[in-house]
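Colleague: Got a minute to go through this one with me? I'd like to hear the reasoning behind the labels.

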Amino acid sequence: MTDIEHNTLDDLDRRIIVATQSGLPLVSEPYTVIADEVGCSATEVMKRVTRMLENGIIRRIGAVPNHYTLGFKGNGMTVWDIPDEKVKQCGEMIGALDFVSHAYERPRHQPEWNYNLFAMVHGKDRSEVEKKVQLIADMLGDDNRGHEILYSSRILKKTGLRLASAK
Amino acid sequence: MSLELDEIDRAILNTYQGGFPICERPYQAAAEQLGITETDLINRLQGMLDKKQLSRFGPMYHAERLGGGLSLCAMRIAEEDYDRVNDQVNAFPEVAHNYARDHAFNMWFVLATESPDRIPTVLQEIEQASGYRVYNMPKKQEFFIGLKFEV
């Protein structure tokens with residue numbers, strides 16, 4: 001699928017990824033700390049981080065806000081049944097909304113599961129989420145053949161993604 | 001909203017959800033932009049992490065591009081089997097997050113494997129262990145995700 005990108009990662013890249021998966025060290029010279037950990041110079045680390053940012057292996061560098069503790073207590077996974085030929089257009093429209101944090105096309109499993117577009121909608125509470133979902137439904141018009149909001153009722157497990165192994 | 005954030009915290013969050021500088025002293029460079037000191041920026045970031053206002057700070061990796069397998073999976077489990085299946089699913093180290101959701105599809109988990117070809121194998125193992133079907137819903141397309149969460 002994306003073999004081109006990950007084949008360009010060498011062992012040192014992987015060590016840098018492992019060293020920064022949980023975050024950038026909060027010290028004056030973070031790249032020096034990483035460099036010491038992975039065994040190269042700070043300049044080399046910065047060069048590789050820059051390259052990974054340019055080729056999309058790193059999406060971005062910065063703060064990842066926690067919606068929940070910042071007052072967005074309503075977080076709904078919304079799912080939509082959109083005609084396949086319209087899913088890109090609709091997905092891009094939804095993904096650009098400021099209260100949507102992720103939007104993906106996923107496969108249907110008919111007849112039990114007819115939805116092909118997923119979007120995480122954030123609001124202060126459930127009623128705000130519902131208003132925003134209505135806004136999306138209005139924007140989609142006839143392209144929306146059905147939708148639902150799935151709220152999470154419990155976190156059953158949460159561990160970090162095993163992003164890379166430095167072997 | 002954003003209860004304990006003061007104006008400077010907000011400026012940090014709104015300015016640096018991406019685009020954090022890559023240089024020898026990035027906190028110094030970013031602090032200058034914000035009109036605060038390097039120490040103040042580091043302390044505030046640490047504070048927001050401690051209070052869990054930030055999930056993390058640093059590079060955000062594009063998981064699929066690291067060569068591993070990643071998929072969202074869902075199950076429809078009868079109430080009386082839920083706890084048993086939950087234990088069985090969570091026992092797989094490949095299950096990274098797992099959420100109960102209010103729906104007939106009442107269990108949703110992310111599977112992260114070291115290689116993409118492990119996904120179908122693990123799915124099958126979960127089905128065999130639990131006796132329930134696993135609906136595999138890997139990402140087919142991702143739509144633009146802006147840097148926009150304003151606090």
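Colleague: What makes 7-50 and 63-137 domains of chain B?

Modeller: Those bounds come from an automatic or database assignment, which gives domain 1 as 7-50 and domain 2 as 63-137 in chain B. This is a predicted model, by the way. The centres of the two domains of chain B, over C-alpha atoms, are 38 Å apart.

Colleague: How do you know which residues of chain B are in contact with chain A?

Modeller: A pair counts if the C-beta atoms, placed from the backbone, lie within 7 Å. On that basis 68 residues of chain B are in contact with 65 residues of chain A. β1(B) gives the most to chain B's side, with 8 residues. By class, that side has 35 nonpolar, 17 polar and 16 charged residues.

Colleague: Why are β5 of chain A and β3(B) called paired strands?

Modeller: Pairing needs at least two DSSP bridges. β5 of chain A, residues 147-158, and β3(B) are joined by 5 bridges, so they qualify. The two strands run antiparallel. As one partnership, Lys157(A) is bridged to Asn98(B).

Colleague: Which residues of α5 in chain A are buried, and why say they sit on the same side?

Modeller: Buried takes 20 or more other C-beta atoms within 10 Å. In α5(A), residues 87-95, the buried ones are Val87(A), Cys90(A), Gly91(A) and Ile94(A). They cover an arc of only 100 degrees around the axis, which puts them on the same side of α5(A). Those residues pack against β3, β4 and α6 of chain A, together with β6 of chain B.

How values were computed
Residues are numbered from 1 along each chain as its sequence is written. Chains are lettered from A and ligands numbered from 1 in the order in which they are written. This is a predicted model: local features need pLDDT of at least 70, side-chain atom pairs count only at pLDDT 80 or more; totals for chains, interfaces and linings use all residues. Two residues are in contact if their C-beta atoms, placed from the backbone, lie within 7 Å. Helices (H or I, at least four residues) and strands (E, at least two) are DSSP runs, numbered from the N terminus. Ala, Val, Leu, Ile, Met, Phe, Trp, Tyr, Cys and Pro count as nonpolar, Asp, Glu, Lys and Arg as charged, and the others, Gly among them, as polar. A residue is buried if 20 or more other C-beta atoms lie within 10 Å of its own, exposed if 12 or fewer, and partly exposed in between; C-beta atoms are placed from the backbone. The arc is that of the directions from the helix axis to the C-beta atoms.
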